[in-house]
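Colleague: Could you take me closely through one part of this model, starting from a single element and what it packs against, and then working outward to the rest of the chain?

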Amino acid sequence: MYQDVQERTIVALSTPVGTGGIAVIRLSGPEAIRIAQKAFVSARGKRLDQVPSHRAVFGQMQDQGEVIDEVLVLVMRGPHSFTGEDTVEINCHGGMYICQRIIEALIACGASMAEPGEFSKRAFLNGRMDLSEAEAVMDMISAQTAYSLKAAVNQLSGGFSRKVEALRQQLIDTIVAIEVNIDYPEYEDLPEITDDSIIQNCRQVLDQIDELLATAESGRMLKQGVKVAIVGQPNVGKSSLLNLLLREQRAIVTDVAGTTRDVLEERLDLGGIPLRIMDTAGIRKTDDIVEKIGVERALEAAKESDLVLLVLDAGRAVTPEELELLELVRKRPYLLVLNKTDLSENGVAPEPVTQLIGEPELERVLVSMSAKQETGVAELTDKVKELFFAGDVLTSDKPLVTNLRQKEALLRARQALQMVLASQQREQDLLVIDIRQACDALSDAQGRSTQEDVVNEIFSRFCLGK
């Protein structure tokens with residue numbers, strides 16, 4: 001399996017496409033050093049096959065004797081490289097024409113253009129990382145906040161894999177103990193394994209799987225971002241709130257009601273939490289066809305979001321329509337943003353709102369802000385963390401479930417162990433079947449036994465050169 005892929009020596013630009021000071025071109029495979037040597041001339045006449053691993057050499061990249069660029073070439077011999085293969089990284093000047101010429105010269109010398117994610121795929125196939133660690137590479141590249149990066153780094157360093165492997169090993173030990181006692185009943189000195197001990201071991205693993213699964217939603221939001229819809233009636237300050245959070249004048253703000261007619265989506269970092277935030281049209285009854293469509297889209301955005309920010313104007317009385325809207329958004333995770341507190345004497349929620357939702361809920365969801373005076377952002381940040389990242393999820397080094405593949409594998413392991421716990425009267429040799437299924441599911445979570453088409457699909461999502 002995969003052998004035809006690894007026989008090729010591949011090349012690609014590993015730094016972002018575009019003009020820059022420095023670019024890195026990566027060459028990996030069994031012929032990497034030999035191919036690079038064909039196009040490289042050392043300033044001191046040293047051949048790359050004579051260079052010790054992890055040493056850099058200065059010289060020129062040439063194409064049939066014509067100098068392309070002065071470069072610094074780093075030689076890394078397998079298995080001590082990112083891919084586990086012989087790897088050469090060429091540091092050249094960052095002009096796109098230069099990079100293109102060097103890559104073309106290397107292809108002419110025998111290299112093949114890498115496919116998206118092929119370097120990381122080879123690292124996985126060569127045992128340099130498991131599938132969850134490989135997926136973390138892309139998570140690190142796409143991370144936009146401190147907490148997102150921390151979660152990806154923890155995954156790349158093997159935090160999730162070590163946790164799952166420990167659970168898998170505990171199940172393997174249980175299987176071995178059962179099978180030894182079944183196969184060699186004549187040996188009296190074998191440690192006895194009872195039904196109670198089997199159930200206890202499986203319950204311990206199941207509890208820890210549940211702990212991992214409890215992090216799945218937080219992991220998803222750190223990776224994809226919390227989808228937030230800002231809703232409210234016209235002129236309550238929705239667009240001003242968006243501009244405040246973005247720290248730029250992204251949305252148009254005027255005294256004219258109904259300025260926003262469509263959904264405006266932006267990404268931002270709120271205290272380390274990635275948000276996909278949507279400013280929506282003011283919700284009110286209208287005969288304007290365009291505005292009516294905007295209102296419909298605002299309501300749809302609220303239904304599809306992870307969090308709704310319902311904005312009220314602290315400087316005026318709450319309307320019956322706003323109370324109806326409050327009833328609607330309470331069906332989802334929401335925060336009540338009391339904006340324009342600079343226009344209010346006390347900045348507390350209007351009495352009808354308090355009567356509708358009660359003091360305990362109000363304390364949990366109310367955020368007092370003034371977009372004009374730029375106050376309340378810290379309180380909003382704390383409320384979002386309380387809603388979606390309870391406990392020490394953001395601050396600890398505990399592993400998180402960060403994608404659907406991991407979650408589904410853990411759910412299969414959980415289901416198999418629940419079968420064991422629900423079938424306490426079965427023979428031990430039958431219990432082993434379900435325990436083994438749980439063990440196989442944990443292997444899938446790590447990517448130990450993942451099918452080739454699944455692996456290809458995962459790495460095809462990576463960027464070229466990684």
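Modeller: I would start from helix 10 (residues 238–246), whose buried residues pack against strand 8 (226–231), strand 9 (264–270), strand 10 (273–279), strand 11, strand 12 and helix 15 (377–388). Please keep in mind throughout that this is a predicted model. Helix 10 is mostly covered, with 8 of its 9 residues buried. Those buried residues are Lys 238, Ser 239, Leu 241, Leu 242, Asn 243, Leu 244, Leu 245 and Leu 246, and just after the helix Arg 247 takes a positive phi of about 60°.

From helix 10 one can step to two of its packing partners, strand 10 and strand 12. Leu 275 lies in strand 10, and it counts as buried because its relative accessibility is 4%, where the cut-off is under 20%. Leaving out residues up to four places away in sequence, Leu 275 touches Val 226, Val 228, Glu 266, Arg 267, Leu 268 and Leu 270. With Val 228 the separation along the chain is 47 residues, yet the two C-alpha atoms are separated by 6.8 Å.

In strand 12 (residues 334–339), the residue to look at is Asn 339. Its relative accessibility is also 4%, so Asn 339, although it carries a polar side chain, counts as buried. Setting aside neighbours within four places in sequence, Asn 339 is in contact with Val 236, Gly 237, Val 311, Leu 312, Asp 313, Ala 314, Met 369, Ser 370 and Ala 371.

Some of the residues just met lead on to the nonpolar core. The largest such core has 58 residues, and the members that touch the most others are Val 226, Leu 309, Leu 336, Val 353, Leu 380 and Phe 389. The largest share of this core, 6 residues, is contributed by strand 11 (residues 307–313). Val 353 shows what such a member touches: not counting residues up to four places away in sequence, its contacts are Leu 312, Val 318, Leu 323, Leu 326, Leu 336, Gly 358 and Leu 362. A second core, separate from this one and made of 31 residues, includes Leu 167, Leu 171, Ile 175 and Ile 199.

Helix 16 (residues 404–422) is a useful second example of burial along a helix. Its 19 residues should span 27 Å at 1.5 Å a residue, and the end C-alpha atoms are 27 Å apart, so the two values agree. Buried in helix 16 are Arg 405, Gln 406, Ala 409, Leu 410, Ala 413, Ala 416, Leu 417, Val 420 and Leu 421. Seen down the helix axis, these buried residues fall within an arc of 155°, and they therefore line one face of helix 16. The spacing can be read against the general geometry: an α-helix has 3.6 residues a turn, so residues three or four places apart point the same way. On the other side of helix 16, Leu 404, Gln 415 and Ala 422 are exposed. At the N-terminal end, helix 16 is capped by Asn 403, a side-chain oxygen of which lies 3.1 Å from the backbone nitrogen of Arg 405.

Elsewhere in the chain, 7 strands form an open sheet of mixed pairing, in the order 3-4-5-6-2-1-7. Strand 3 (40–42) and strand 7 (112–113) stand at its edges with a single partner strand each, so one side of each has no neighbour in the sheet. Strand 6 (residues 87–94) has 6 of its 8 residues buried and is therefore largely enclosed by the rest of the structure. Strand 6 pairs with strand 2 (residues 20–28) in the antiparallel sense over 8 bridges, and here Ile 25 stands opposite Ile 90, while Val 24 stands opposite Asn 91. With strand 5 (residues 66–76), strand 6 again pairs in the antiparallel sense, over 5 bridges, and Val 75 stands opposite Val 88.

Seen as a whole, the chain has 18 helices and 13 strands, and buried residues make up 51% of its 466 residues. Among contacts between residues at least 6 apart in sequence, 68% join residues at least 24 apart.

How values were computed. Residues numbered from 1 in each chain as written. Predicted model: local features only at pLDDT ≥ 70, side-chain atom pairs only at ≥ 80, totals over all residues. Heavy atoms only, no water. Core = buried A, V, L, I, M, F, W, Y, C linked by side-chain atoms within 4.5 Å. Buried < 20%, exposed > 50% of the residue type's maximum accessible area, 1.4 Å probe, protein only. Helix = DSSP H or I, 4+ residues; strand = E, 2+ residues; numbered from the N terminus. Contact = heavy atoms within 4.5 Å. Expected span 1.5 Å × (residues − 1). Arc of directions from axis to C-beta. Polar contact = N/O pair within 3.5 Å; in protein donor to acceptor, adjacent residues only side chain to side chain. Pairing = 2+ DSSP bridges.
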